[in-house]
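Here are my notes on this one, written as numbered points. Have a look at the model first, then read on.

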Amino acid sequence: MSVHDELSSVQRCLDELSRTVTRLEQQLGSDGLEVRRVRTDADHLRESLTLLRAAAAAPGAPRRPDLVSIPDTPYDGSLWTDSDDEGLGARDRRAP
């Protein structure tokens, strides 16, 4: 299946979920915390799918972020001047 077909399938499932949650709200009432949570989660899924659709439709958009290479060479020791060692305190003082 293509990405468009998959996104359409997810949209249909979310539409069915929304209809089912509406029926549950009518049966159980919409004032309960659990029903509100389910409604909120369903709405978040719908918003996420909208963002995913926009990202998939953007031409030339990178599929994943560029990787940043980190060298294996040690850092310059002057970067750590006047810094505290985590859990040990400053170098010129004793731990309590």
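1. A cut-off to start with: a residue counts as buried under 20% relative accessible area, as exposed over 50%, and as partly exposed in between. Arg-19 has a relative accessibility of 44%, so this residue goes down as partly exposed. Keep in mind throughout that we're looking at a predicted model.

2. The overall picture, then. The chain has 2 helices and 0 strands. It runs to 96 residues, and 11% of them count as buried. The exposed surface of the chain comes to about 8600 Å², with carbon and sulfur atoms supplying 56% of that area. Looking at contacts with a separation of 6 or more, 53% are between residues 24 or more positions apart.

3. How are the two helices arranged? Helix 1 and helix 2 pack with their axes 10 Å apart and at an angle of about 165 degrees. An angle over 145 degrees counts as roughly antiparallel, and helix 1 and helix 2 are therefore roughly antiparallel to each other. As for handedness, helix 1 passes helix 2 in a left-handed crossing.

4. Now the charged side chains. Side chains of opposite charge can pair when their charged atoms come close. The count here is 4 salt bridges, and I'll go through some of them in this point and the next two. One of them joins Arg-19 to Glu-16, at 2.9 Å from N to O. Both Arg-19 and Glu-16 sit in helix 1, and their spacing of 3 residues is about one turn of the helix. Glu-16 is partly exposed, because its relative accessible area is 36%.

5. Glu-16 has a further partner: a salt bridge to Arg-23, where the closest N and O atoms are 3.8 Å apart. Arg-23 comes out at a relative accessible area of 42%, so Arg-23 is partly exposed too.

6. Which salt bridge links distant parts of the chain? That's the pair of Glu-25 and Arg-39. Their side chains meet at 3.2 Å, N to O. Glu-25 belongs to helix 1 and Arg-39 to helix 2 (residues 33-57), with their positions 14 residues apart in the numbering. Arg-39 has 17% relative accessibility, so Arg-39 counts as buried. Back with the other pairs, Glu-16, Arg-19 and Arg-23 form one network through salt bridges that share partners.

7. Leu-17 is worth a click as well. This leucine lies in helix 1, which covers residues 3-28. Is Leu-17 buried or partly exposed? With 33% relative accessibility, Leu-17 counts as partly exposed. Setting aside neighbours within four places in sequence, Leu-17 is in contact with Ala-42 and Leu-45. You can also pair Leu-17 with Val-38: they're 21 residues apart along the chain, and their C-alpha atoms are separated by 9.8 Å.

8. Next, have a look at His-4, which has its place in helix 1. His-4 shows 55% relative accessibility, so His-4 counts as exposed. Which residue should you set beside it? Try Ala-56: His-4 and Ala-56 are 52 residues apart in sequence, yet 8.4 Å apart in space, C-alpha to C-alpha.

9. Val-3 is another helix 1 residue to pick out. Its relative accessible area is 52%, so Val-3 is exposed. From Val-3 to Arg-53 there are 50 residues in sequence and 9.2 Å in space, again C-alpha to C-alpha.

10. If you only have a minute, here's what I'd display. Start with helix 1 and helix 2, which pack at about 165 degrees. Then add the side chains of Glu-25 and Arg-39, which meet in a salt bridge. Finish with the network of Glu-16, Arg-19 and Arg-23.

Key
Residues are numbered from 1 along each chain as its sequence is written. This is a predicted model: local features need pLDDT of at least 70, side-chain atom pairs count only at pLDDT 80 or more; totals for chains, interfaces and linings use all residues. Side-chain values use heavy atoms; hydrogens and water are left out. Helices (H or I, at least four residues) and strands (E, at least two) are DSSP runs, numbered from the N terminus. Buried means under 20% relative accessible area, exposed over 50%, partly exposed in between (1.4 Å probe, protein chains only). Contact means heavy atoms within 4.5 Å. Accessible areas come from the Shrake-Rupley method with a 1.4 Å probe; for residues, only the protein chains shown count as cover. Axes are lines fitted to C-alpha atoms, for helices over the stretch in contact, and angles run from 0 to 180 degrees between N-to-C directions. Angles under 35 degrees count as roughly parallel, over 145 as roughly antiparallel, 65 to 115 as roughly perpendicular and the rest as oblique. A crossing is left-handed if the near helix is turned anticlockwise from the far one by less than a right angle, and right-handed if clockwise.
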